[in-house]
Amino acid sequence: MADTTRRTMMKGGATLLGTAALARAVAPLAEWSESLDMDEFLQRHYKELSRDEMDVILRRIEAKTLAEHGVEVHVEDVRPLEGVSFGYALNLSACIGCRRCAEACHKENNHDRATNNSYIRVLQLDKGSLSLGNVEVDYEGEVPKKEHFYMPVQCHQCDNPPCVNVCPIEATWKEPDGIVVVDYDWCIGCRYCEAGCPYHARRFNWHTPEVPAEEINPDQAYLSNRIRPAGVMEKCTFCLHRTRKGRLPACLEVCPTGSRVFGDLNDPDSQIRWVLANKRVFILKEDLGTLPRFFYFFDV
Amino acid sequence: MLLLLTLACQGGFTDPSREYAEPLARGAEYPTVIHEPTGFGVLDETPIPEEAQREVPPNTACTTCHGPTPEKTWDVDPSEDFHELEVDHGNLKCAACHDPRDRSLLHLADGTQLELPEVIVLCSQCHGPQRRDFDHGAHGGMSGYWDTTQGPRVRNNCADCHHPHHPEREPVTAAFPPNDRYLRSH
């Protein structure tokens, strides 16, 4: 009898401890659920959504942006144009490293202000070398500096994208027009893609981007510049909310040297095709076989 | 069901109508407008008193000082006579580009007169490769639409970026550097 009592007591104690431990373990979940919409939690993959479901999600994101940031934005699901295949080229002879492109990206894509985040990183290289072992990205002051040249790097929208290949949950994929996109609501933030990208083109949202309300770009798309949740990956989308409507990317429009050429690779008369056919074109880390859609060229 | 499963495995859309955007309406092409030179090329026609004429900056009409008929000597030192105008453009002298018959105009090497906004034609006489690249969108900035069936495109003019008298571009101050966790230790 005494044994039974002792056993029962042990059992009771263990149960109590277990319950307390469980309660403690799920406590963050309870707090978390306050900011998490159940619809958002149950939302399916981007490709599994019908038009009607997508419309509901877009309105929900707009309402959430209004509630959390106090700004009325317009979020669209901008789909690719059939028959269009995007390509981008950058003139290394003309670029002066002024970082206007990175700044334009920062504003256009609602990047976090404190970290100066941008999908474009401008590398300062030593003249006479293409070695990436000795680059500087946080140079300041007057440019171009005499002993250096400059190479802006952003997502190369590879046709054999390592970042897509390593994603364990298909949260990132290649669209028919060549743009590699991320479903921010599907991404689990494992950062494999960041590690897989040889161009250092992917960024992780350590927290949701903080942008003053008056500076938020209200022209947004689900797959591009809408305000990203914390804990997900993001990347350059060739400004798909602009380019899929025929407009030029923000980084091209702002370039004061005309270094950037953008267009449809399927159109034989496009400017990008002329550059690829007539200039000395260079592919960064070509030997990796990533097949980029972003090219560098030199004036001859 | 099996078909659906196969489709899902291939990564296609459950709703195929979402695969592509609605085709864009393709009407006539919108124009590509070449931005007219501002600042230097836009002339202030306000008459300037005789005694102040040596003081005026060069973005006043040439005829303010030179008159409709060229009375004054052409042989000027621009740095002295035009408010310290810096001239550093090869070995070119004023009359290589400015028309001696009418100082409000430019002229080509064969004597053909040109209005100031047509400066691209003038520059192209010597800068052929730049003109070739410009015509193919690979020199000089632009804004607007890559697809000109959807909207217009605006191109820069030579003089938007290159001062005709000292065409080499000035250095600029770089915009803000990244400030992410990879760089904080610097």
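How many bridges join strand β2 (residues 86-91) of chain A to β11(A), and in which sense do the two run? I began with this pair and found 5 bridges, with the strands running antiparallel.

Before going on I noted that I am reading a predicted model, in which local features need pLDDT of at least 70 and side-chain atom pairs count only at pLDDT 80 or more, while totals for chains, interfaces and linings use all residues. Residues are numbered from 1 along each chain as its sequence is written, and chains are lettered from A and ligands numbered from 1 in the order in which they are written.

**Chain A, overall.** I looked up the elements of chain A and found 9 helices and 13 strands, where helices (H or I, at least four residues) and strands (E, at least two) are DSSP runs numbered from the N terminus. The C-alpha trace of chain A spans about 95 × 45 × 35 Å along its principal axes. Of its 300 residues, 41% count as buried; a residue is buried if 20 or more other C-beta atoms, placed from the backbone, lie within 10 Å of its own, exposed if 12 or fewer, and partly exposed in between. I also checked contacts (C-beta atoms, placed from the backbone, within 7 Å), and among those in chain A between residues at least 6 apart in sequence, 64% join residues at least 24 apart.

**β11(A) and α9(A).** Returning to the opening pair, I saw that A:Y88 has A:F262 as its bridge partner in β11(A). Strand β11 (residues 260-264) of chain A has 5 of its 5 residues buried, so it is largely enclosed by the rest of the structure. In helix α9 (residues 271-278) of chain A, I found A:Q271, A:I272, A:W274 and A:V275 buried. They cover an arc of only 160 degrees around the axis, which puts them on the same side of α9(A); the arc is that of the directions from the helix axis to the C-beta atoms. The cover over the buried residues of α9(A) includes β2, β11 and β13 (294-298) of chain A.

**Nonpolar cores.** I then turned to the nonpolar cores, each a set of buried Ala, Val, Leu, Ile, Met, Phe, Trp, Tyr and Cys residues joined through C-beta atoms within 7 Å. In the largest, of 68 residues, A:C101, A:C105 and A:C251 touch the most other members. Leaving out residues up to four places away in sequence, I list A:S118, A:Y119, A:I120, A:A250 and A:C251 as touching A:C105. Apart from the largest core lies another, of 9 residues, including B:L106, B:I120, B:L122 and B:A159.

**Sheet in chain B.** Here I found an open sheet of 3 strands in the order β1-β5-β4, with mixed pairing; two strands pair if DSSP finds at least two bridges between them. β1 (32-34) and β4 of chain B stand at the edges, each with a single partner strand, so one side of each is left without a neighbour in the sheet. β1(B) and strand β5 (residues 153-155) of chain B pair in the parallel sense over 3 bridges, and B:T32 stands opposite B:R153 in β5(B).

**Between the chains.** Last, I checked the interface, where 37 residues of chain B are in contact with 49 residues of chain A. On the side of chain B that touches chain A, the largest share, 3 residues, comes from β4(B). Across the chains, 2 bridges join strand β4 (residues 142-143) of chain A to β6(B), running antiparallel, and A:V143 has B:V172 as its bridge partner.

How values were computed:
Contact = placed C-beta atoms within 7 Å.
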